[in-house]
Amino acid sequence: MNSKTLCGPFKQLLTMNGLPLKGPLKDEQLEVLTNAGIVVQDGKILDLGSYSDLENIHPDSEKNFNNNSEQIALPSFIDCHTHICWGGNRVNDYSMRVAGKSYLEIAASGGGISDTVTETRKASEDKLVELILDRAKQHLQRGITTIEVKSGYGLNLEDELKMLRAIKKANEKTPVRLIPTFLGAHIKPKDFDGSHAEYLDYLLDEVVPVIAEEKLAARADIFVEEGAFDIDVARIYAKNLKLKGFDITMHVDQFHPGGSKLAIEEGCVSADHLEFTDDESCELFGRSETVAVALPGASLGLGMQFTPCRKLLDNNACVAIATDWNPGSAPMGDLITQAAILGASEKLTIAETLAGITFRAARALRIEGGILRKGDEANFTVFETDDFRNIFYQQGQLKPSATIMNAQSFEF
Ligand code: NIG
Ligand code: FE
């Protein structure tokens with residue numbers, strides 16, 4: 001699709017244009033163009049609107065998707081929180097969990113994240129590249145063209161760098177855009193001889209300078225929770241990383257409330273999980289620029305309550321939705337299924353759920369995206385249906401027929 005290409009006609013073209021970044025949304029606020037098309041040139045949207053008008057205005061265009069099928073198009077999706085660089089699996093944890101042991105009990109008895117650290121340390125950089133590419137391909141088939149990917153299963157200089165270099169290499173090989181995040185502060189590894197504060201100092205002194213030097217990540221994350229890092233050490237770590245120019249995000253309130261207040265106070269770009277976020281924090285989100293990221297895949301994986309998205313939105317928060325795709329708490333990785341189930345449980349409008357996996361997810365990553373306007377990157381996904389609402393109504397069973405990005409068209 002290198003030359004000028006007219007894509008369509010689409011029975012509906014959902015642009016996600018003109019919507020507020022924060023707060024509740026009604027479906028009637030969505031801009032839905034009917035019998036519409038998109039003119040793509042050099043990977044950007046040259047024009048969009050009525051298909052027949054575009055045919056007249058751009059008679060020199062090549063045509064794509066002009067196949068008489070009932071189809072709709074919308075911005076491709078953004079998964080703003082994943083851990084798709086991992087080795088091994090955690091099926092043992094799963095069988096223990098469904099038999100009644102909690103995630104924190106399994107972690108305390110030596111399983112959990114530590115198990116994946118052992119397996120990821122064993123994997124070569126090339127093996128990790130292969131695993132990331134396979135997972136990115138699955139996501140592309142789900143209509144996702146941007147994926148945030150965290151390190152955090154290496155937990156020492158050598159293996160954190162191996163993970164981040166693998167993410168960088170994979171990014172060069174996949175059409176999907178991968179955005180790396182340094183999560184050396186996932187937990188204190190079993191073999192680190194020292195306190196939690198000393199481990200964070202080790203990361204700051206030994207690991208972060210190499211990451212900055214090699215430009216392996218511009219974002220950093222920390223897991224604030226019992227058994228991971230407490231609020232006091234996390235605050236010092238976040239302040240230090242901010243001084244070094246990193247955007248900060250945090251895993252907070254997954255099992256206990258409190259961490260999200262720290263994330264908001266420290267001006268984090270996002271605060272993620274929030275299953276146990278209290279009313280006071282919901283209000284604070286509404287007055288802050290920190291995006292509240294719900295991870296329904298972790299609630300489903302652990303059999304736990306969902307993030308209070310309705311309350312967050314009604315308090316004027318910016319709410320994004322991501323998969324948290326990882327081998328422990330969230331092995332499913334299916335964004336649409338998870339967003340649909342979250343929407344049904346939390347009573348989110350279709351507009352709110354869509355915003356959460358498009359432009360509000362872009363906001364969590366502080367990137368442009370998730371909106372279709374003239375001049376924007378032409379990243380969009382096509383579904384064979386006559387009504388975009390079917391995407392969530394069918395709870396993930398309606399799959400995209402094509403995804404377009406970087407002037408390439410991927411048909412499934
Ligand atoms: O987002 N909560 C902390 N970290 C991940 C889980 C990682 C794992 O269990 O391997 C999460 O749920
Ligand atoms: Fe996570």
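A polar contact is a pair of N or O atoms within 3.5 Å. The views below show a predicted model.

**Figure 1. Polar contacts of ligand 1 with protein side chains.** An oxygen atom of ligand 1 lies 2.8 Å from an N or O atom in the side chain of His-273. A separation of 2.8 Å is likewise found between an oxygen atom of ligand 1 and a side-chain N or O atom of Asp-324. For His-83, the distance from a side-chain N or O atom to an oxygen atom of ligand 1 is 3.4 Å. The protein covers 100% of the 330 Å² of accessible area that ligand 1 has on its own.

**Figure 2. The shell of residues around ligand 1.** Ligand 1 occupies the largest cavity. It is surrounded by 15 residues, of which Arg-90, Tyr-103, Tyr-153, Gln-254 and Ser-329 come nearest. By class, the shell around ligand 1 comprises four nonpolar, nine polar and two charged residues.

**Figure 3. The site of the iron ion (ligand 2).** Protein donors to the iron ion are His-81 (NE2), His-83 (NE2), His-251 (NE2) and Asp-324 (OD), at distances of 2.1 to 2.2 Å. Along the chain, these donors follow the spacing H-x1-H-x167-H-x72-D. Distant parts of the chain are linked by the pair His-251 and Asp-324, which are 73 residues apart. His-251 belongs to strand β10 (residues 247–252), whereas Asp-324 lies in the loop between β13 (319–321) and α13 (335–346). Two of the iron donors, His-83 and Asp-324, also appear in Figure 1: a side-chain N or O atom of His-83 is 3.4 Å from an oxygen atom of ligand 1, and the corresponding distance for Asp-324 is 2.8 Å.

**Figure 4. A cis peptide bond at Pro-9.** Gly-8 and Pro-9 are joined by a cis peptide bond, with omega at about 5°. Pro-9 is located in strand β1 (residues 5–14). Most peptide bonds are trans.

**Figure 5. Positive phi angles at Asn-35 and Phe-65.** Most residues other than glycine have a negative phi. Asn-35, although not a glycine, has a positive phi of about 45°; this residue is found in strand β2 (residues 32–41). Phe-65 also has a positive phi, near 70°, and is placed in the loop between β4 (62–64) and β5 (72–75).

Technical notes:
Residues numbered from 1 in each chain as written. Chains lettered and ligands numbered in written order. Predicted model: local features only at pLDDT ≥ 70, side-chain atom pairs only at ≥ 80, totals over all residues. Heavy atoms only, no water. Near = heavy atom within 4 Å. Polar contact = N/O pair within 3.5 Å; in protein donor to acceptor, adjacent residues only side chain to side chain. Areas by Shrake-Rupley, 256 points an atom, 1.4 Å probe, with all protein chains shown as cover. 1 Å grid on protein atoms, 1.4 Å probe; cavity = no way out; pocket = protein on both sides within 12 Å on 5 of 7 lines; lining within 4 Å. Sits in = over half its atoms within 2 Å of the grid points. Nonpolar A, V, L, I, M, F, W, Y, C, P; charged D, E, K, R; others polar. Donors = N, O, S within 2.8 Å, 3.2 Å for Na, K, Ca; no water. Helix = DSSP H or I, 4+ residues; strand = E, 2+ residues; numbered from the N terminus.
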